[in-house]
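Here's a quick tour for anyone meeting this protein for the first time. Have a look at the sequence and the model, and then we'll walk through the main parts together.

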Amino acid sequence: MTNVGNPGRAASSAYQPVDELDEQILWEFIRNGRITISELAALLNVSPSTVSVRASALKRAGVLKSSHAEIDFRRVGLPIQAMVFVRLRAQARPHVQEYANLMTRLPSVLNLYFMGGDEDFLIHLVCTSTNQLRDIVATEVSMHPVVASTRTHIIYEHALGADHMDHLTGFDEVRRPIGSSRDFPGVFDQ
């Protein structure tokens, strides 16, 4: 069975914590998952073999899990995307993993997030129509005996954060406390 989050994966490797070069490699993969080893090496001013060895070690350690293609689902006949929030019944706690495994096997599920808060799961779906979305939520997602309730939100548009990161140089800026830099004012301060 598939484990949500696969918590044991990273622990299986003896990889050391990431250093500054590892973080730079990871940052560039976030910005462009299709970047070649040679391009990445030139960008970071290191040898291609260094980048190759580091990227391989990051993959083995489970730090670099995968690279993804961003697909225009409309062009493959799947124009409807939605987020479905799922709340499980209180007595369903022993069945959380089982439910997650069932949901990730549904063909329309792109992502599944196990969350804290009012809802237990957020499921990202892609569908051919609102009718298909309704049917999936009504028969596959909400009819399971462990489900207490669902809320479905249709996605009108999706902006990929990595497409808008040109003003950032790395994870240090992401980790910086809000309001600690004059270089990056708040959204409404501009």
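One term before we start: two residues are in contact when they have heavy atoms within 4.5 Å. Keep in mind, too, that this is a predicted model.

**The overall layout**

The protein is built from six helices and four strands. Reading from the N terminus, the order is α-α-α-β-α-β-β-α-β-α. The chain has 190 residues, and 31% of them count as buried. Its accessible surface is about 12,800 Å², with carbon and sulfur atoms making up 53% of that. How much of the contact network joins residues at least 24 apart? Taking contacts between residues at least 6 apart in sequence, the share is 68%.

**The nonpolar cores**

Nonpolar side chains in soluble globular proteins tend to end up buried together. Here, the largest nonpolar core has 23 residues, and the ones touching the most other members are Val 86, Leu 88, Tyr 99, Phe 121, Ile 123, Leu 125 and Val 141. Elements giving two or more residues to this core are E1, helix H4 (96-104), E2, strand E3 (121-127) and H5. E1 gives the most, with five residues. Apart from this core lies another one, of twelve residues, including Ile 25, Ile 35, Leu 40 and Ala 41.

Leu 88 makes a good starting point for exploring the largest core. Beyond residues up to four places away in sequence, Leu 88 touches Arg 93, Val 96, Tyr 99, Asp 120, Phe 121, Val 146, Val 147 and Ala 148.

Helix H4 has its own set of buried residues: Val 96, Tyr 99, Ala 100, Asn 101 and Met 103. What lies over them? The cover includes E1, E2, E3, H5 and E4.

**Four residues to click on**

Here are some residues with their accessibility values.

| Residue | Where it sits | Relative accessibility |
|---|---|---|
| Ile 136 | helix H5 (residues 130-141) | 11%, buried |
| His 144 | loop between H5 and E4 | 18%, buried |
| Arg 87 | strand E1 | 34%, partly exposed |
| Val 63 | loop between H3 and E1 | 38%, partly exposed |

Start with Ile 136. Buried means under 20% relative accessible area, so at 11% Ile 136 counts as buried. Setting aside neighbours within four places in sequence, Ile 136 is in contact with Ser 108, Leu 125, Cys 127 and Val 141. Ser 108 is 28 residues away from Ile 136 in sequence, while their C-alpha atoms are 8.4 Å apart in space.

His 144 sits in the loop that follows, between H5 and E4. Is His 144 buried or exposed? With 18% relative accessibility, His 144 counts as buried. Outside its neighbours within four places in sequence, His 144 is in contact with Glu 98, Tyr 99 and Leu 102.

Now for Arg 87, over in strand E1. Arg 87 touches Asp 118, Glu 119, Asp 120, Val 147, Ala 148 and Ser 149, again leaving out residues up to four places away in sequence. The C-alpha atoms of Arg 87 and Met 115 are separated by 10.0 Å, with their positions 28 residues apart along the chain.

Val 63 is in the loop between H3 and E1. Beyond neighbours within four places in sequence, Val 63 is in contact with Val 18, Leu 26 and Leu 58. Val 63 and Val 18 are 45 residues apart along the chain, and their C-alpha atoms are separated by 8.6 Å.

**An unusual backbone angle**

Most residues other than glycine have a negative phi. Asn 45 isn't a glycine, yet its phi is positive, at about 60 degrees. You'll find Asn 45 in the loop between helix H2 (37-44) and helix H3 (48-60). With a relative accessible area of 69%, Asn 45 is exposed.

**The largest pocket**

Last stop: the largest pocket, with a volume of about 1,400 Å³. Its lining has 38 residues, and those lying nearest the centre are His 68, Ala 69, Glu 70, His 158 and Leu 160. Helix H1 (20-31), strand E1 (80-88), strand E2 (109-114) and strand E4 (147-155) each give two or more residues to the lining. The largest share, four residues, comes from H1. What classes of residue line this pocket? The lining has 20 nonpolar, ten polar and eight charged residues.

How values were computed:
Residues are numbered from 1 along each chain as its sequence is written. This is a predicted model: local features need pLDDT of at least 70, side-chain atom pairs count only at pLDDT 80 or more; totals for chains, interfaces and linings use all residues. Side-chain values use heavy atoms; hydrogens and water are left out. Buried means under 20% relative accessible area, exposed over 50%, partly exposed in between (1.4 Å probe, protein chains only). Accessible areas come from the Shrake-Rupley method with a 1.4 Å probe; for residues, only the protein chains shown count as cover. On a 1 Å grid over the protein atoms alone, a cavity is a set of points where a 1.4 Å probe fits but cannot get out, and a pocket is an open set with protein on both sides within 12 Å along at least five of seven lines; lining residues have an atom within 4 Å of a point. Grid points are joined across faces, edges and corners, and a volume is the space filled by probe spheres set on the points. Ala, Val, Leu, Ile, Met, Phe, Trp, Tyr, Cys and Pro count as nonpolar, Asp, Glu, Lys and Arg as charged, and the others, Gly among them, as polar. A nonpolar core is a set of buried Ala, Val, Leu, Ile, Met, Phe, Trp, Tyr and Cys residues joined through side-chain atoms within 4.5 Å.
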